[in-house]
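Q: I should like to learn how to read burial, packing and confidence in a model of this kind. Where should one begin?

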Amino acid sequence: MAAPSIRTVASVFGLLLLVFALSSTVIYLVSPPAAASPSSILLNLRPFAARCPPAPPLRVFMYDLPARFHVAMMSTNSAAPAPANGSDAEGQPFPAWPPSAGGIRRQHSVEYWMMASLQLQGGGGGSREAVRVRDPEAAEAFFVPFFSSLSFNVHGRNMTDPNTEDDRLLQVELMDILWKSKYWQRSAGRDHVIPMHHPNAFRFLRDMVNASVLIVSDFGRYTKELASLKKDVVAPYVHVVDSFLNDDPSDPFEARPTLLFFRGRTVRKDEGKIRAKLAKILKDKDSVRFEDSLATGDGIKTSTEGMRSSKFCLHPAGDTPSSCRLFDAIVSHCVPVIISSRIELPFEDEIDYSDFSLFFSVEEALRPDYLLNQLRQMPKEKWVEMWSKLKNVSSHYEFQYPPRKGDAVNMIWRQVKHKIPAVNLAIHRNRRLKIPDWW
């Protein structure tokens, strides 16, 4: 019998392969699913953030300064203790911020709220960005609880008042304490956190703390050698109007009949000179409220009503690029219109202000009718979208005790925590360099 041809053998082999494949498929389809192997579980990747535990809070050592450096400067009517297990450096109940200390003192009271946040006991779980440690060797940062902004406002009515000498002497005494601290000496103050929120705070001895992490409102009165975004933290003002908690109308656009609102002092220095120019352009315009006033009790009530009934709130520069008005607008859910060329904004690595604010150059703002035309032409849907985003971020600008997750104090401490790697780099390099740093 003749041997099978190559073509016949190939056909038979192909048929056998087809039968094997079909049988394997049937078996796979009817078989129960097998338990996942460890390797297959590892390949079931989740988002990176979901797999990482929350970062531990920043470990902060707070200097035990005498009360004259901080709470003793507060009103004598502030004896009521804060509603938690807090105590100050001398073991006394930590006082609540006095309601009578409003206006400029409250606006720059960031130093108080940062100190208050370190009075809480316990580790704080995942809601706190900083916790106090009693052992300085365990600290990642050192907090200096000197109320420099309050000291400027308490000691003298103006820069030439003889009583400002008390402010200067406090700064001299503080620096003597810090210079004697081995922890200041160890880092040249680089890992020390010093609130200087008022533009004139710590004005006598600023150059002696230029390596520290400064908590500022902006950089309007700081040289580049003293302060910068690289090492310092921009903190929001403490808002002076009440937060708008029940802002849930069925039609938020129509619920705010005023197009543009501004209430404040129009005669200012430096960049703030634009306010008087804007007054000439905007006053008496249809659906615009542009009022010259001071931040008194009645004035704050009027501002609260005005912001809550307006679609847009004007924020021109003051004596420095920023002012409290921006943060009053945010907690009032009034879309900010910002005209300030050199403004720096808090938490900008986490928050995109263009989502809920409008920005105009000085030239654009002073162009007749340009600003109002831009506001009037915004579609209702776009404004409602910005208003909604404004409501969502407003909790990041709340100062409270005890602090809450994501509020202003926790956001500030998180910003400080972001600075620590660069601080450590500078400290470590400085210890080994034999020549002046070339950077």
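A: One may begin with burial: a residue is called buried when its relative accessible area is under 20%. The model shown here is predicted.

Q: Is S151 buried or exposed?

A: S151 has a relative accessible area of 0%, which means that it is buried, because the value lies under the 20% cut-off. The residue belongs to helix 6, which covers residues 148-154.

Q: Which residues does S151 touch, leaving aside those up to four places away in sequence?

A: On that basis, S151 touches M73, F146, D167 and L170.

Q: How should one read the nonpolar core, and which residues have the most contacts inside the largest one?

A: In soluble globular proteins, nonpolar side chains tend to be buried together. Here the largest nonpolar core has 112 residues, and L260, F312, L314, Y397 and W413 have the most contacts inside it. Helix 15 (residues 408-432) supplies the largest share of this core, nine residues. A second, separate core consists of five residues, among them M307, C313, A329 and C334.

Q: What does W413 touch beyond four places in sequence?

A: The partners of W413 are L58, V60, M114, S117, L118, E129, A130 and F143.

Q: Where does pLDDT stay under 50?

A: Where pLDDT is low, the predicted coordinates should not be read in detail. The protein chain has a mean pLDDT of 85, with 81% of its residues at 70 or more. Values stay under 50 over residues 25-31, where the model has zero contacts beyond four places in sequence. They also stay under 50 over residues 76-85, for which the model has 21 such contacts.

Methods: Residues numbered from 1 in each chain as written. Predicted model: local features only at pLDDT ≥ 70, side-chain atom pairs only at ≥ 80, totals over all residues. Heavy atoms only, no water. Helix = DSSP H or I, 4+ residues; strand = E, 2+ residues; numbered from the N terminus. Buried < 20%, exposed > 50% of the residue type's maximum accessible area, 1.4 Å probe, protein only. Contact = heavy atoms within 4.5 Å. pLDDT = per-residue confidence, 0-100. Core = buried A, V, L, I, M, F, W, Y, C linked by side-chain atoms within 4.5 Å.
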